[in-house]
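Please open the model in your viewer and keep the selection tool at hand. The stops below are arranged so that each selection leads on to the next.

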Amino acid sequence: MDRTALLRSLACNRFFFRSARRLSRPCSSLSSRSASSSAPKRHRLIPDRSSRRSLLRQRLASSTSSLNFRRSLSSLSPRAVATPPAHSSSEFAGVQDEVAEKLGFEKVSEQFIGECKSKAVLFKHKKTGAEVMSVSNDDENKVFGIVFRTPPKDSTGIPHILEHSVLCGSRKYPLKEPFVELLKGSLHTFLNAFTYPDRTCYPVASTNSKDFYNLVDVYLDAVFFPKCVEDFQTFQQEGWHYELNNPSEDICYKGVVFNEMKGVYSQPDNILGRAAQQALFPDNTYGVDSGGDPQVIPKLSYEEFKEFHRKYYHPSNARIWFYGDDDPNERLRILSEYLDMFDASSAPNESKIELQKLFSDPIRIVEKYPSGEGGDLKKKHMVCLNWLLSDKPLDLETELALGFLDHLMLGTPASPLRKILLESGLGDAIVGGGVEDELLQPQFSIGLKGVSEDDIQKVEELVMSTLKNLVEEGFDADAVEASMNTIEFSLRENNTGSFPRGLSLMLRSIGKWIYDMDPFEPLKYEKPLIALKARIAEEGSKAVFSPIIEKFILNNPHRVTIEMQPDPEKASRDEEVEKEILEKLKSSMTEEDLAELARATQELRLKQETPDPPEALKSVPSLSLHDIPKEPIHVPTQVGDINGVKVLQHDLFTNDVLYTEIVFNMGSLKQELVPLVPLFCQSLLEMGTKDLTFVQLNQLIGRKTGGISVFPFTSSVRGKEEPCSHIVVRGKAMAGRTEDLFNLVNRVLQEVRFTDQQRFKQFVSQSKARMENRLRGSGHGVAAARMDAKLNVAGWISEKMGGVSYLEFLKALEENVDQDWEEISSSLEEIRKSLLSRNGCLINMTADGKTLTNSEKFVSKFLDSLPSNSLLKTASWNARLPPENEAIVIPTQVNYVGKAANLYETGYQLDGSAYVISKYISNTWLWDRVRVSGGAYGGFCDFDTHSGVFSFLSYRDPNLLKTLDVYDGTSDFLRGLVMDDDALTKAIIGTIGDVDSYQLPDAKGYSSMLRYLLGITEEERQRRRGEILSTSLKDFKEFADAIEAVKDKGVVVAVASPDDVDAAHKERSNFFQIKKAL
């Protein structure tokens, strides 16, 4: 969970590509409890692709996902893989059998898992049958999770609403939201909950043992003894309710999940994914939406809600996971206290997932999706072919082979099915997630969006003919080797970014365990991997993969083709249907009924806005300031010089992997070339050289390295007018492949030719499709980027490369590529010439000391090959968007509302207390007013301490002007704040938890490099930490004066629905400049 972006100047592990942070802020930082169809990271055995549509409903993020760090590629040679040190199970403490017996558990199985260097023991609670996986190793990032099978029978969203509600107070913790208190004041490295189509997961993680057990206890009490089954108002708040402020006004629906799912159902890709899942599984629980359909959610009764909890949230129906370096005995002791209170139940039989029988004939479904009125609607169709691959779960070896096949066909830009579809010109971007294997039965989906109505049939025919061709011809040997190495490198590196490794393993294990299969099997990839490699070597890849394509796809009649048609009237039609239902309801009510509903509305709001009493707050366990280290986390950094170029080296254990960043200054780039930079970065990796096609180059990178990516990084620098703006080339390889890595980076930078006009047109279409998707799904990020662009130069640059301005640029470029190609090609070359220089270059490397030393000669050779032209004159980038309020109108049922101002321009001097205060505002005032009583899925603030911009943002918000009124009330909230020492301590500890976010070695090295680029010294880090630790109530009161500037001088940007913008325009005439974006 990407908890916050407030701490960038202290360089926590979310400190990356600034405009990416802005535009793809994971939604867990808003609500931290969710059920969405998109997930940046999956946890299957085969490494995932970033474009994959997932059925996992969650909000998770890794620090690498926004960098689009491609999961590539090691070599088949033994020296190119990191061999895990030999461990034995005796190295890790275990639970004595007699201790387990005494606590009420029996040991079912014990295994040493060499792949994750862990001793894993499966226990069964004798009284209830609850199953527990206890995984012991030396990982300090401890993980706990409890998972229930929760199959819904309809689309009322019961599992999702319950997932939200159980964390709203419990028996031992009788306050409104213990979850929020943990967000405020713990050192968690992960704190979330998420709903799948058939199960609900509650995971936590922390590196601090005391904090970890506090989190575990709050979660166990929450799931087994929640207040929500006795408190109707929690169900109303998190699920749905009728709202009526005054009997003379209209009735409306409110509820956090209700509005969240309205946002989900506004996104075409999500509508497509849901239609495909439900059509593939018409006869079991996957045929309904566990997240909830907004048109069906209001049919859910409180009695059904309570009964669902009683039936499924029982130890007999639970799978419980512990992982890390804590005491295994303590794990069972904590569990026994809870589990012993229950008797066995019939829940495991009632929650079993039924298998979907295979169809005898394919079917076709046509759906509508809400679209804008602009552009040619005939060219906005989507088509996706979907298969249910088997009528039963597959064995691990077949799953592994399917995963390899999936990567071969779709995993990289050079993969044949992906390449042929995109090069066909029949559509703008890929839809469908390839192989999906996280449910009981696996599926395969592939298609295109941005398709002309006349080309729908052609897309279907092209998919089928390409698959037939792959059966007949097989795969290129280099492609097979590259895919093999991608997967092997990723499995052995086990780099989960900011996502805890133990949680990644838990989700992998649960994928089998939840269906009563072996929980150990998914953790052990070595033997099936060796067997698959041997089989490919012996029989050839064609003999392995062609029969799989034939059996599971081509000869499989269980195929569903989904065609999505654009409908500019759909959003307003859905709103009209809802309005009619509510008008009919109101007309059927008496004056007394209306008065009672208005009274109930006020009563709920009063409860939501009344703070918990101090004694209730004290019930949530927390740490003290004595538990907090006084020093910031130190990353070893040696600043040196090779051939006149600055080199940063971080001596850290990386399991024999070298991570490197090569940074070039963008300061001399002409202003008009800025929007081309993202396409320049893509072109470097996806066009060919004089000697190699882009496919061959891609495969070479795959065979020799662990991946190369290129992206821009832009940020303001505190105290300076000029922004920090760079192109970053990021790569990784096994230590023995360092020379290959630097050679390939050199080829990418200097030898790639910008001559492939048709591929460039594809890049433009893909980028446009991504931006349109971002507008609908991450409108808060688009609003934030737009406000930044009005307030500082770095924001203007970032918005030109990833905001509404970028989308407008792409639309114009798409029309003109053919006639302007020579000029575009020369502009790409001009970007390369202005960037590529030894002057202003920086090299960053993270590895163990021996690898760093051995790498220096390859770095030297690489630098010698770079042009040494003197740094060109710095370009004048003194540009900003006009500081006017804007409403960016899109076809949606929810809004994303932002307001921002620059605090430094009012004279505010940065103090570490600002981090504490910003986090506190998000987790109290904005959470309570924008989310809890306002009904939005999320509301938060963000202080960019580099630029001084303080932003308020909301996410999937039913309101617009009301939310702005909440923002404007923030300074009064701070002035009237009453806060005891416990609350202040929690706020400080929670902030330190963000500053000290858990990082893997590559992230530590990258964060340290960014601190260097932005001029943040160790002395400043120590000073800010001291200011955080000494934050007082007086600081809160003084900060109120600073953020008064947002109320008085702030600029507003809302990404919003046409109806809400019209209503706002009527209420505040000429408040917004209106821009239609879709």
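Two strands are said to pair if DSSP finds at least two bridges between them, and the helices (H or I, at least four residues) and strands (E, at least two) named here are DSSP runs, numbered from the N terminus. This is a predicted model, in which local features need pLDDT of at least 70 and side-chain atom pairs count only at pLDDT 80 or more, while totals for chains, interfaces and linings use all residues. Residues are numbered from 1 along each chain as its sequence is written, and side-chain values use heavy atoms, with hydrogens and water left out.

**The six-stranded sheet**

Select the open sheet of 6 strands, whose order is β17-β18-β22-β19-β21-β20 and whose pairing is mixed. At its edges stand β17 (638–642) and β20 (708–715), each with a single partner strand, so one side of each is left without a neighbour in the sheet. Direction ignored, neighbouring strands of this sheet are turned by 25° against each other on average (axes are lines fitted to C-alpha atoms, for helices over the stretch in contact, and angles run from 0 to 180 degrees between N-to-C directions). Now pick β20 together with β21 (residues 724–734), which pair in the antiparallel sense over 8 bridges; serine 715 has cysteine 724 in β21 as its bridge partner.

Within the loop between β18 (645–651) and β19 (657–665), select aspartate 656. Its phi is near 75°, a positive value in a residue other than glycine, and at 33% relative accessibility aspartate 656 counts as partly exposed (buried means under 20% relative accessible area, exposed over 50%, partly exposed in between, with a 1.4 Å probe and protein chains only).

**A second loop residue**

Go next to arginine 956, in the loop between β26 (949–955) and α31 (961–968). Arginine 956 also has a positive phi, near 45°, and is buried, with a relative accessible area of 2%.

**The five-stranded sheet**

Select the open sheet of 5 strands in the order β12-β16-β13-β15-β14, again with mixed pairing. Its edge strands are β12 (363–370) and β14 (429–436), each of which pairs on one side only, and the twist averages 15° from one strand to the next. Strands β13 (residues 381–388) and β15 (residues 443–451) run antiparallel and are joined by 8 bridges; here tryptophan 387 has phenylalanine 444 in β15 as its bridge partner. Helix α14 (residues 456–473) lies across β12, β13, β15 and β16 (559–567), running at about 35° to β13. Helix α19 (residues 570–587) packs on the sheet as well, touching β12 and β16 (contact means heavy atoms within 4.5 Å), and its direction makes about 85° with that of β12.

**Helix α17**

Which residues of α17 are buried? Select helix α17 (residues 526–539) and colour Pro528, Leu529, Leu532 and Ile536, which are the buried ones. They cover an arc of only 105° around the axis, taken from the directions from the helix axis to the C-beta atoms, which puts them on the same side of α17. The face turned away from this buried side carries the exposed residues Lys527, Ile530, Ala537 and Glu538. What covers the buried residues includes α12 (396–410), α15 (477–493) and α18 (541–554). Just after α17, glycine 540 takes a positive phi of about 90°.

**A last stop**

Finally, select histidine 125 in strand β3 (residues 118–125), which is buried, with a relative accessible area of 1%.
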